[in-house]
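Okay, everyone, thanks for coming. Let me put the structure up and walk you through a few spots in it.

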Amino acid sequence: MAALLVVYMALVLQHAVLFIGTGNPVGIGIGVGLLIMPFIGAWALYRELMFGFRTQKLVGILRDNDELPVDDLPKRPSGRPYRAEADAEFDTYRVEVEEQPESWKAWFRLGLAYDASGDRKRARHALRQAIDFYLKQPQAA
């Protein structure tokens, strides 16, 4: 998908130059608008890729230290956990964050709990919070 986005951005950039080259004020306006779009796309792509790489790094650290939550929730045929069971387990991780509000590990586990409960928006927020706390550590790179 990232490669396709790069190809798309290159094509949009090419069309932007062609529109600007027309000399027509409307064409120039469209061309300028199209010039902005690849930069927004590149920023969004970079942000999502970094989120993915950093999330994978933190999963690896937790896995290597045997600190990942045990995934023993009953699951639907699709592989997603049943929401009621996930919600019941959620409070454990919420309390952990309340007790250790600057622990990246607690925030990461909370993000996993949000995801299991089906709340992707809060899951991503919690995972971003975990990444921020991890990156603020002196040994983090």
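Let's start with D66, which counts as exposed at a relative accessibility of 72%. This is a predicted model, by the way, so keep that in mind throughout. D66 sits in the loop between α2 and α3. What caught my eye is its backbone: phi of D66 is near 55 degrees, a positive value in a residue other than glycine. As background, most residues other than glycine have a negative phi.

Now to the helix on one side of that loop, α2. α2 has 40 residues, and from first C-alpha to last it reaches 59 Å. The expected figure at 1.5 Å a residue is 58 Å, so the two are close. Which of its residues are buried? Twelve names would be a mouthful, so here are some: among them are G27, G31 and L34, then F51, T55 and L58, and also V59, G60 and L62. The buried residues of α2 pack against α1, α4 and α5.

Which brings me to α4, where I'd like to spend most of my time. α4 runs over residues 104–116, so that's 13 residues, and they should span 18 Å at 1.5 Å a residue. The end C-alpha atoms of α4 are 18 Å apart, which agrees. How much of α4 is buried? The count is 10 of the 13 residues, so α4 is largely enclosed by the rest of the structure. The buried ones are W104, A106, W107, F108, R109, L110, G111, A113, Y114 and A116. And what covers them? The cover includes α2, α3 and α5.

Let me zoom in on two neighbours in that helix. R109 is in α4, and it's an arginine that is buried, with a relative accessible area of 11%, where the cut-off is under 20%. Leaving out residues up to four places away in sequence, R109 touches L62, E67, P69, Y93 and E96.

Right after that, L110 is also in helix α4. Buried or exposed? L110 counts as buried, at 4% relative accessibility. Its contacts, again leaving out neighbours within four places in sequence, are F90, Y93, R94, V97 and A126. So Y93 turns up in the contact lists of both R109 and L110. One more distance for you: L110 and P69 are 41 residues apart along the chain, and their C-alpha atoms are separated by 9.9 Å.

L110 also features in the largest nonpolar core, which has 21 residues. The members that touch the most other members are L58, W104, W107, F108, L110, Y114 and A130. As for where that core comes from, α2, α3, α4 and α5 each give two or more residues to it. The general picture, for soluble globular proteins, is that nonpolar side chains tend to be buried together.

Just past the helix, two things. S117 is in the loop between α4 and α5, and S117 is buried, with a relative accessible area of 6%. Beyond its sequence neighbours up to four places away, S117 touches R83, A86, D87 and F90. Then there's G118, which follows α4 and has a positive phi, near 90 degrees.

Okay, pockets. The largest pocket has a volume of about 360 Å³. Of the 18 residues that line it, P69, D71, L112, A113 and A116 are closest to its centre. Which element gives the largest share of that lining? It's α4 again, with five residues. Both α3 and α4 supply at least two residues each. By class, that lining has 11 nonpolar, no polar and seven charged residues.

The second largest pocket holds about 150 Å³ of space. It's lined by W43, Y46, R47, M50, F51, R54, R128, I131 and D132. The elements giving two or more residues there are α2 and α5, and the largest share, six residues, comes from α2. That lining splits into five nonpolar, no polar and four charged residues.

If you take one thing away, let it be α4: 10 of its 13 residues are buried, and the largest share of the lining of the largest pocket comes from it. Happy to go back to any of these spots on the screen.

Technical notes: Residues numbered from 1 in each chain as written. Predicted model: local features only at pLDDT ≥ 70, side-chain atom pairs only at ≥ 80, totals over all residues. Heavy atoms only, no water. Helix = DSSP H or I, 4+ residues; strand = E, 2+ residues; numbered from the N terminus. Expected span 1.5 Å × (residues − 1). Buried < 20%, exposed > 50% of the residue type's maximum accessible area, 1.4 Å probe, protein only. Contact = heavy atoms within 4.5 Å. 1 Å grid on protein atoms, 1.4 Å probe; cavity = no way out; pocket = protein on both sides within 12 Å on 5 of 7 lines; lining within 4 Å. Points joined across faces, edges and corners; volume = space filled by probe spheres on them. Nonpolar A, V, L, I, M, F, W, Y, C, P; charged D, E, K, R; others polar. Core = buried A, V, L, I, M, F, W, Y, C linked by side-chain atoms within 4.5 Å.
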